[in-house]
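Let's walk through this model together, starting with how the terms are used and then following the charged side chains from place to place.

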Amino acid sequence: MRRMLRSVTGVTAALLLLGGTAGCGLLPLGEDEPDPTPGPTNGPAGDPEDFTETCTGDGRLSTRGSTQGRDTETKNSRGEHLFYGAVMIRAEGADGEPAAVLRFQADTGDAEDLDELGIGDTAEFDEWTLTIRSICANSVGFDADVDA
């Protein structure tokens, strides 16, 4: 009986070592790490008609759905690019107008969410000045300039 218990214990340990780690937060061998910057947590924020006045298509950069973008034209003083994505777009923000939550990250820095951005709003992230130019049901257009 004792020998049988050792065998079962050995089999259990082998299974755990060979991939029985589901639910433990470990990635299976050969898989890449997940993208650390998720896209929008919601779908379109309402009827496209809710965005008639704010959906202009303006802005040098634009989020599109859940895709993450990278600004290839400007770099900060450390030579890093700006990465960006939409977290949430709402037809009605705190002031009753369309608003967005956008996530920004430099190459080596931590991601930061900027909340309740509306048309014409300006925000600072790292060395960039960000200005919102367009908010549509599933995209946000903005300008990003590096502070001199």
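A residue is called buried under 20% relative accessible area, exposed over 50%, and partly exposed in between, with a 1.4 Å probe and protein chains only. With that in hand, Lys75 can be placed: at 45% relative accessibility it counts as partly exposed. This is a predicted model, in which local features need pLDDT of at least 70 and side-chain atom pairs count only at pLDDT 80 or more, while totals for chains, interfaces and linings use all residues. Residues are numbered from 1 along each chain as its sequence is written, and side-chain values use heavy atoms, with hydrogens and water left out.

Now for the overall layout. Helices (H or I, at least four residues) and strands (E, at least two) are DSSP runs, numbered from the N terminus. The protein chain has 1 helix and 8 strands, and read from the N terminus its elements run α-β-β-β-β-β-β-β-β. Of its 148 residues, 35% count as buried.

Back to Lys75, which sits in the loop between strand 2 and strand 3. Follow the chain 32 residues along and you reach Asp107, whose C-alpha atom is separated from that of Lys75 by 9.8 Å.

Next come the salt bridges. The term stands for a side-chain nitrogen of Lys or Arg within 4 Å of a carboxyl oxygen of Asp or Glu. How many salt bridges does this rule give? The count comes to 8. One of them joins the side chains of Glu73 and Arg60, at 3.6 Å from N to O. This pair links distant parts of the chain, 13 residues apart: Glu73 is in the loop between strand 2 (69-71) and strand 3, and Arg60 is in the loop between helix 1 (2-17) and strand 1 (61-64). Glu73 is exposed, with a relative accessible area of 61%, whereas Arg60 is partly exposed at 31%.

A second bridge to look at is the one between Asp113 and Arg103, with N and O 2.6 Å apart. Because Asp113 lies in strand 5 (residues 112-117) and Arg103 in strand 4, the pair ties together parts that are 10 residues apart in sequence. Arg103 is found in strand 4 (residues 99-106). Is Arg103 buried or exposed? Its relative accessible area is 15%, so Arg103 is buried. Its partner Asp113 counts as partly exposed, at 34% relative accessibility.

Further along, Arg133 forms a salt bridge with Asp143, where the closest N and O atoms are 2.7 Å apart. Here too distant parts of the chain are linked, with Arg133 in strand 7 (residues 128-135) and Asp143 in strand 8 (residues 139-146), 10 residues apart. Arg133 is partly exposed, with a relative accessible area of 36%. Elsewhere, Arg78, Glu80, Asp126 and Glu127 are joined into one network by salt bridges that share partners.

Our last stop is Asp95, in the loop between strand 3 (82-90) and strand 4. Which side of the cut-off does Asp95 fall on, buried or exposed? Its relative accessibility is 62%, so Asp95 counts as exposed.
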